[in-house]
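Here are my notes for your first look at this model. Keep the structure open and check each point as you read.

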Amino acid sequence: MTEGNGATEKVGLAKGTEQVRYAVGLMSGTSVDGIDAAVVELAGEPAGGTPRARLLAFANTPFPPRVREEIFAMFEPSQATVDRVGRLNVWLGELYAQAALDAIAAAGLEASQISAIGSHGQTIYHSPQTNPIDGYDLRYTVQIGEGAVIAARTGIPCVSDFRPADMAVGGQGAPLVPFTEYLLYREKERTRLLQNIGGIGNVTVLPAGCAPEDVYAFDTGPGNVLIDGTVARLYPGLRMDAGGAIAGSGSVDASLLERLQRDDYYRKPPPKSTGREKFDAAYVEGIVQEASRRGLAPEDAVATVTLLTAWSIGEAYRRYIRDRHPAEELLVGGGGSYNETLLRFLKREMEPLGVTVRTQEEIGFSSDAKEAVAFALLADYTMARRPNNLPSATGAKRPVVLGKISF
């Protein structure tokens, strides 16, 4: 990773009196590809102002088919009964624990050497907008993967359920990764954009020479969720457009694209966040039905939703970032960074605006591991009782300590 002062070379950890410790980050996102586990070496005083991190081991453990099917069922509120949610919460805790232990072994370490595990959990519902009831403005979110089970199986303190603390003080509970991006990626001389393309796309703006309160971030809209959903619907047996091959063989339908671009989400100003609650199976079905009505070939429908994702990122920059902080570089991470057609579309959106598009791998890092590393660092702050949200990104009224600790 990078140093907190914005240097772009990989970190070497200082020796001597500087404290070195190890943490594990666990992440499973809206694409439901599996469990990302990163073992991270951290240097400096616990939760100091300029932490440094080095990735020691990373692994993605695919979900067993039965588990993946159950997770997708929980995205539908009518199916997410209390007994099913409760069972899957513990079931995922067992799987996360094993993924952590496997990653620790791959790093050549023992569980006793790990100071904390930070587990984001699996989001099954996220409602950041205000829900007024009896005079209370309620915001709520549900991430499952029981931290107590992870702690019990590994013998390591586990920080989980990061989002509610931010929402309790008026925030969206997302995005959380910008806090660690500020620590690890900021630069003194140029503005950087960090774009994650998981199931949902989100961008972090790091203005040149920024202070924490200068950083802002928001969800740009669908990342892979509509691409994956359209592929699964039109190509039975496939879960994704590997490498963007299907989209690359198709042609974008300008009329359908224009219709999809009219969604109100893209015109909603930040701070904002979204998820599968909006871009759900019904949303995908609507796209497929409209494509069929227009007589589009399957590959044309996939090409169109792929360009929609790229356009939504470019539109977010044009509407909400460019006038405030013209950027020189956009760094792309997440599964979408491996979709060559999506990247080609994204470069067509951004480079005429003077923004160079590069992947995490092009600067020597890992698109896959980035968010898992972030939750290792967030857990390190939680264990030190240090605030680890960015109110400028989430809309929270004040900094708070995120997460619940299980010992």
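1. Start with a charge over a ring. K272 lies over the face of Y265, and the distance to the ring centre is 4.3 Å. Keep in mind that this model is predicted. A second case involves arginine: R186 sits over the face of Y182, 4.2 Å from the ring centre.

2. Stay with Y265. Its ring also pairs with the ring of F279. The centres are 6.4 Å apart and the planes meet at 85°, so this pair is edge-to-face. The pair links distant parts of the chain, with the two positions 14 residues apart in numbering. Y265 and F279 both belong to the loop between α8 (254-261) and α9 (281-293). Are these two residues buried or exposed? Both Y265 and F279 are buried.

3. Now widen the view. Y265 and F279 are part of a cluster. Ring pairs join them with Y266, Y283 and W311. Find these five residues in the structure and look at them together.

4. Next, the count of ring pairs. The total is 10 aromatic pairs. One of them brings together F72 and F75: the ring centres are 5.4 Å apart, the planes stand at 85°, and so the pair is edge-to-face. A pair of aromatic rings is described by two things, the distance of the centres and the angle of the planes. For an edge-to-face label, the angle must be over 60 degrees.

5. The two partners of that pair have separate labels for cover. F72 has 28% relative accessibility, so F72 counts as partly exposed. F75 has 13%, so F75 counts as buried. The cut-off for buried is under 20%.

6. Turn to the surface. Which residues form the nonpolar patch there? They are I133, Y136, L138 and Y140. Together they have about 410 Å² of accessible area. Strand β6, residues 136-144, gives the most to this patch, with 3 residues. Y136 is in strand β6. Its relative accessibility is 55%, so Y136 counts as exposed.

7. Helix α12 deserves a check of its length. It runs over residues 370-383, which makes 14 residues. At 1.5 Å a residue, the helix should span 20 Å. The C-alpha atoms at its ends are 20 Å apart, so the two values agree. R385 follows α12 and has a positive phi, near 60°.

8. How many of the 14 residues of α12 are buried? The number is 13, so the helix is largely enclosed by the rest of the structure. Take D380 as an example, since its place is in α12. D380 has 6% relative accessibility, so D380 counts as buried. Now compare D380 with T309. They are 71 residues apart in sequence, and their C-alpha atoms are 33 Å apart in space.

9. Now the charges. Side chains of opposite charge can pair when their charged atoms come close. A search of the whole structure finds 22 salt bridges. One of them joins E70 and R87, whose closest N and O atoms are 3.3 Å apart. This pair links distant parts of the chain: E70 is in helix α1 (residues 65-74), and R87 is in helix α2 (residues 82-106). The two are 17 residues apart. E70 is at 10% relative accessibility, so E70 counts as buried. R87 has a relative accessible area of 45%, so R87 is partly exposed.

10. Two further salt bridges are worth a look. E290 pairs with R294, and the closest N and O atoms are 2.9 Å apart. E290 is buried, with a relative accessible area of 10%. R294 is at 28%, so R294 counts as partly exposed. The side chains of E187 and R190 also meet in a salt bridge, at 2.5 Å from N to O. E187 is buried at 9%, while R190 is partly exposed at 27%.

11. Finish with the network. Salt bridges that share partners join E187 and R190 with R192, E329 and R358. Trace these residues in the model, one after another.

How values were computed:
Residues are numbered from 1 along each chain as its sequence is written. This is a predicted model: local features need pLDDT of at least 70, side-chain atom pairs count only at pLDDT 80 or more; totals for chains, interfaces and linings use all residues. Side-chain values use heavy atoms; hydrogens and water are left out. Rings of Phe, Tyr and Trp (its six-membered ring) pair if their centres lie within 6.5 Å; planes under 30 degrees apart count as stacked, over 60 as edge-to-face and the rest as tilted. Buried means under 20% relative accessible area, exposed over 50%, partly exposed in between (1.4 Å probe, protein chains only). Helices (H or I, at least four residues) and strands (E, at least two) are DSSP runs, numbered from the N terminus. A charge sits over a ring if NZ of Lys or CZ of Arg is within 6 Å of the ring centre and within 35 degrees of the ring normal. Patches are made of residues with over 30% relative accessible area and no salt bridge: like charges are joined within 9 Å, nonpolar side chains (Val, Leu, Ile, Met, Phe, Trp, Tyr) within 5 Å. Accessible areas come from the Shrake-Rupley method with a 1.4 Å probe; for residues, only the protein chains shown count as cover. A salt bridge is a side-chain nitrogen of Lys or Arg within 4 Å of a carboxyl oxygen of Asp or Glu. The expected span of a helix is 1.5 Å times one less than its number of residues.
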